[in-house]
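The following exercises concern the fold of a protein chain and some of its local features. Please examine the sequence and the structure before working through the solutions.

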Amino acid sequence: MADAKQFRAPRGVADILPEEQPYWRWVRDTAARIAESYGYQRIDTPIFEFAGVWERREAAGTDIVDKEIYRFRDRGGDELALRPDVTAGVCRAYIQHGMASRPQPVRLYYIGPVFRYDRPQAGRYRVHHQFGAEAIGDESAALDAEVIDLLRTLYDTLGLSDYLLHLNSIGDGRCRPAYIERLRAYYRDKLDRLCGDCRRRFEVNPLRLLDCKNEPCQPFKPGAPKIADYLCEACAAHFGALQSYLEALGIDFDIDHTLVRGLDYYTRTAFEFIPRGDESQQGTLGGGGRYDGLIEQLGGRPTPGVGFGTGIERIILNLKRKEVGPPPPAPPDAFIAVAAAEAQAAALRLARDLRARGATVVLGAAERSLKAQMRQADAMGARRALILGREELEGGAVTVRDLEAATQERVALGELPRLFAR
């Protein structure tokens with residue numbers, strides 16, 4: 001007997017049912033429209049790539065690489081991985097397709113699934129979907145402000161305006177090493193009181209000590225040295241310029257000295273949008289930052305970049321909490337009620353012809369009573385019901401019932417298109 005478990009969705013994944021689709025369509029369409037209004041073009045990268053795109057030496061110590069990647073070996077012996085993040089794949093595509101020869105910065109956006117073997121939580125699944133944008137080829141702080149403003153515009157447009165923007169700079173390869181040594185010095189005599197993850201991070205990725213959510217590590221975070229005190233002149237100037245640009249855009253922000261993000265490649269800017277009242281950061285709407293060293297890690301020439309990712313499931317969860325829904329779908333232009341079995345073929349042709357003219361048409365079935373079909377037309381909010389029965393078929397006409405005005409007329413088939421002129 002088959003195991004019933006294998007016929008259920010695995011833990012950490014979810015079906016997107018028809019009743020959920022209006023939310024998804026609304027969020028994705030709004031995201032694409034806003035990104036394109038900023039000059040970003042869509043890119044779609046493969047959902048699996050060579051594992052080395054993510055399993056770089058520099059990525060050691062991050063949970064995504066150490067614990068969460070779905071990796072596999074294909075029949076050709078290649079080590080592949082389902083993408084746990086899209087930014088690295090976009091940067092790989094930037095290198096592979098010679099995008100450095102295009103006018104810089106190259107502005108790209110994407111919408112698609114990512115895969116992480118993580119503990120499922122509200123709004124975050126092992127297969128979840130992201131909208132993201134990347135601007136590659138320019139180190140200006142104005143570009144950082146642009147991507148933050150793009151993400152802010154998405155949230156505001158959807159009705160999620162009650163958020164906090166957390167902001168930090170984590171320096172770069174010139175100033176971060178000195179800070180990391182100071183951070184290690186601070187934590188060295190506390191190692192026996194840290195969680196197991198942080199004892200490992202202490203050696204391979206000390207910045208992640210500031211990002212830990214485990215309870216044993218919380219008492220030590222307030223006293224940790226602040227990276228802002230160790231920024232080099234260039235990083236400090238970049239961070240100051242970003243703040244001035246955000247102020248010019250009227251975007252409020254809080255400096256969060258513990259914000260480092262969970263991926264290895266960030267430099268300088270790091271930011272997150274968090275719903276007001278949910279300071280745990282488990283409810284982060286989205287975030288991102290600058291990654292000026294990532295393309296070089298992937299074999300390209302040193303190239304600056306900045307971007308963000310935001311989870312669509314997390315957005316929809318917050319929309320529902322705020323009781324904000326998508327605009328109601330437009331009702332069908334017509335419902336064709338089939339009053340006789342011999343009229344079904346003609347009804348099929350009529351529906352096809354009206355759809356070809358741009359009308360939205362729902363077709364009834366002769367097996368159901370006319371009364372039941374009319375109830376369905378009312379429930380759907382159809383503007384008109386087109387009744388096609390034996391008499392209409394013989395007379396080459398259709399009975400048109402205006403469901404809003406409660407009027408009815410007989411219209412010749414050849415005259416129907418004028419009723420649906422747009």
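Three exercises with worked solutions follow.

The model is predicted: local features need pLDDT of at least 70, side-chain atom pairs count only at pLDDT 80 or more, and totals for chains, interfaces and linings use all residues. Residues are numbered from 1 along each chain as its sequence is written, and side-chain values use heavy atoms, with hydrogens and water left out.

**Exercise 1.** Determine whether the chain is as compact as a globule or more spread out.

Solution. The chain has 13 helices and 16 strands (DSSP runs, numbered from the N terminus: helices H or I, at least four residues; strands E, at least two). Its radius of gyration, taken over C-alpha atoms, is 28 Å, well over the 22 Å that the globule rule (2.2 Å times the number of residues to the power 0.38) gives for 422 residues, so the chain is more spread out than a compact globule. The C-alpha trace spans about 90 × 60 × 45 Å along its principal axes.

**Exercise 2.** Describe how strand β15 is joined to strands β14 and β16.

Solution. First, β14 (residues 384–388) and β15 (residues 397–402) run antiparallel, joined by four bridges; pairing requires at least two bridges found by DSSP. Here Arg-384 stands opposite Asp-402. Next, six bridges join β15 to the antiparallel β16 (residues 407–412), where Glu-409 is the bridge partner of Val-400. Finally, the hairpin of β15 and β16 has four residues between the strands, and Ala-406 takes a positive phi near 60°.

**Exercise 3.** Locate Phe-48 and classify its exposure.

Solution. Phe-48 lies in strand β2 (residues 48–50). Its relative accessibility is 42%, so Phe-48 counts as partly exposed (buried is under 20% relative accessible area, exposed over 50%, partly exposed in between; 1.4 Å probe, protein chains only).
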